[in-house]
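User: I would like to go through the side-chain packing of this model, one question at a time. Please reason briefly before giving each value or name.

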Amino acid sequence: MKWMNVLWGMGCCMLAACTPSKTDRQEGLEEALAYCDRQVHRTLADLRTGDSIDYTMQPKNILAGERHWNCRKAAKEEWTGGFWPGVLWYDYEATGNDTIRQEAERFTESLEFFSRIPAYDHDLGFLIFCSYGNGYRLTGNPDYKRVVLAVADSLATLYNPRVGTLLSWPRNVEMLGGHNTIMDNMINLEMLFWAARNGGDRRLYDIAVSHADKTMENQFREDYSSYHVAVYDPQTGDCIRRCTHQGFSDDSMWARGQAWAIYGFTMVYRETRNPKYLEFVQKVADVYLQRLPADKIPYWDFQAPDIPDAPRDASAACVVASALLELASYCDPEKAQSYRQSAVDMLMSLQTAAYRSGDAASSFLLHSTGHWPNGSEIDASIIYADYYYLEALLRWKRVATGLQCEASLH
């Protein structure tokens with residue numbers, strides 16, 4: 001497309017200077033959705049062995065220099081298993097292709113066992129709402145609803161009423177020194193809100209609100225940058241420690257953690273319509289936006305010591321772009337325009353050759369960072385980046401066609 005060729009020729013550093021017309025941007029959006037569909041078909045071909053696919057093996061990452069997905073069997077402590085089925089559901093939504101729908105169903109249904117086992121950590125929302133949640137939204141299959149409701153009840157067993165939050169990592173209670181709650185957990189509240197509205201216990205709504213309030217109270221600094229982890233005394237409920245697990249330091253702003261916060265509190269406002277969340281999330285978004293580099297794709301941590309040579313995190317950009325497109329629908333016109341433009345700038349940057357996988361791999365995007373302190377998934381393609389990228393494109397399409405973002409997903 002014309003404006004994409006301009007960007008490729010000038011480089012990402014010139015992104016802010018490019019002002020494509022509405023027609024060019026619409027063409028770019030449609031091309032990006034078509035690109036994702038092509039990469040989905042490439043992945044399905046790669047996953048096929050002979051005439052069959054092992055639907056229990058879910059794409060997780062493509063490490064730097066590799067061409068094909070590393071897959072993991074859906075199991076406890078393998079938190080990314082719901083994103084590939086979610087990608088398929090989004091591609092089906094974009095294309096209407098029944099073959100993709102059938103593949104989405106098969107990968108989704110391999111996760112059903114989570115509805116029959118006790119909760120092991122907070123990631124059940126990522127696993128089930130991205131897969132079964134999207135599947136139910138698009139098909140109305142009552143079995144999918146049953147699974148989501150069962151898993152929501154399971155997730156709620158991690159709630160400690162003395163603390164007021166869900167326990168994120170039961171396995172890390174001793175290591176971290178108490179009841180731990182991580183910023184990522186904000187995303188899993190969406191499944192609780194949904195379940196409370198769709199036949200589940202009203203208590204699920206109250207748990208989600210309590211968790212959001214405690215996170216807002218204890219996991220942000222005065223400048224609205226976030227801590228990754230808050231640790232609580234499980235008996236008194238007191239917050240006894242604030243730290244990071246995946247960021248550079250306890251005092252730094254980990255890019256994806258801030259992204260989870262922007263996305264999560266936007267969703268909490270949608271579900272509650274309490275204006276305190278709308279006011280708060282704009283401040284959380286603004287500190288992120290103010291610190292971005294020129295191409296709008298963050299370094300993995302905003303205080304990484306080797307900036308500008310530090311790895312980027314495209315996954316954080318995808319999460320934020322999707323969140324901003326929804327957040328804009330709730331704000332005053334001036335703020336809304338600013339957030340939409342920021343989201344589109346991010347998506348335009350991600351559509352350049354600098355970030356696309358293209359022919360090099362069957363993923364959508366390059367240059368995400370999973371767990372830098374652990375040396376894991378550095379400068380890689382990661383499945384949740386692709387999931388939120390396609391979600392953001394679908395939300396952008398709704399904006400471009402005059403529909404409200406808030407109704408587009410889940």
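User: Leaving aside its neighbours within four places in sequence, which residues is Tyr388 in contact with?

Analyst: This is a predicted model, in which local features need pLDDT of at least 70 and side-chain atom pairs count only at pLDDT 80 or more, while totals for chains, interfaces and linings use all residues. Residues are numbered from 1 along each chain as its sequence is written, and side-chain values use heavy atoms, with hydrogens and water left out. Taking contact as heavy atoms within 4.5 Å, and setting aside neighbours within four places in sequence, the partners of Tyr388 are Phe83, Phe126, Ile187, Trp260, Tyr263, Cys318, Val319 and Ser322.

User: Which helix gives the largest share of the largest nonpolar core?

Analyst: A nonpolar core is a set of buried Ala, Val, Leu, Ile, Met, Phe, Trp, Tyr and Cys residues joined through side-chain atoms within 4.5 Å, where buried means under 20% relative accessible area, exposed over 50% and partly exposed in between (1.4 Å probe, protein chains only). The largest such core has 132 residues, and Tyr388 is among the members that touch the most others, as are Ile128, Leu189, Leu350, Tyr389 and Leu393. Helices (H or I, at least four residues) and strands (E, at least two) are DSSP runs numbered from the N terminus, and the largest share of this core, eleven residues, comes from residues 314–327, helix H12.

User: Why is there no disulfide between Cys239 and Cys243, and how far apart are their sulfurs?

Analyst: A disulfide is counted as a pair of cysteine sulfur atoms within 2.5 Å, and by this rule the count comes to zero. Cys239 is partly exposed at 23% relative accessible area, whereas Cys243 is buried at 1%. The sulfur of Cys243 is the closest cysteine sulfur to that of Cys239, yet it is too far for a bond, at 9.2 Å.

User: What kind of aromatic pair do Phe193 and Tyr205 form?

Analyst: Rings of Phe, Tyr and Trp (its six-membered ring) pair if their centres lie within 6.5 Å, with planes under 30 degrees apart counted as stacked, over 60 as edge-to-face and the rest as tilted; the structure holds 31 such pairs. Phe193 lies in helix H8 (residues 185–197) and Tyr205 in helix H9 (residues 203–218), so the pair ties together parts twelve residues apart in sequence. Their ring centres are 5.4 Å apart and their planes at 75 degrees, so the pair is edge-to-face.
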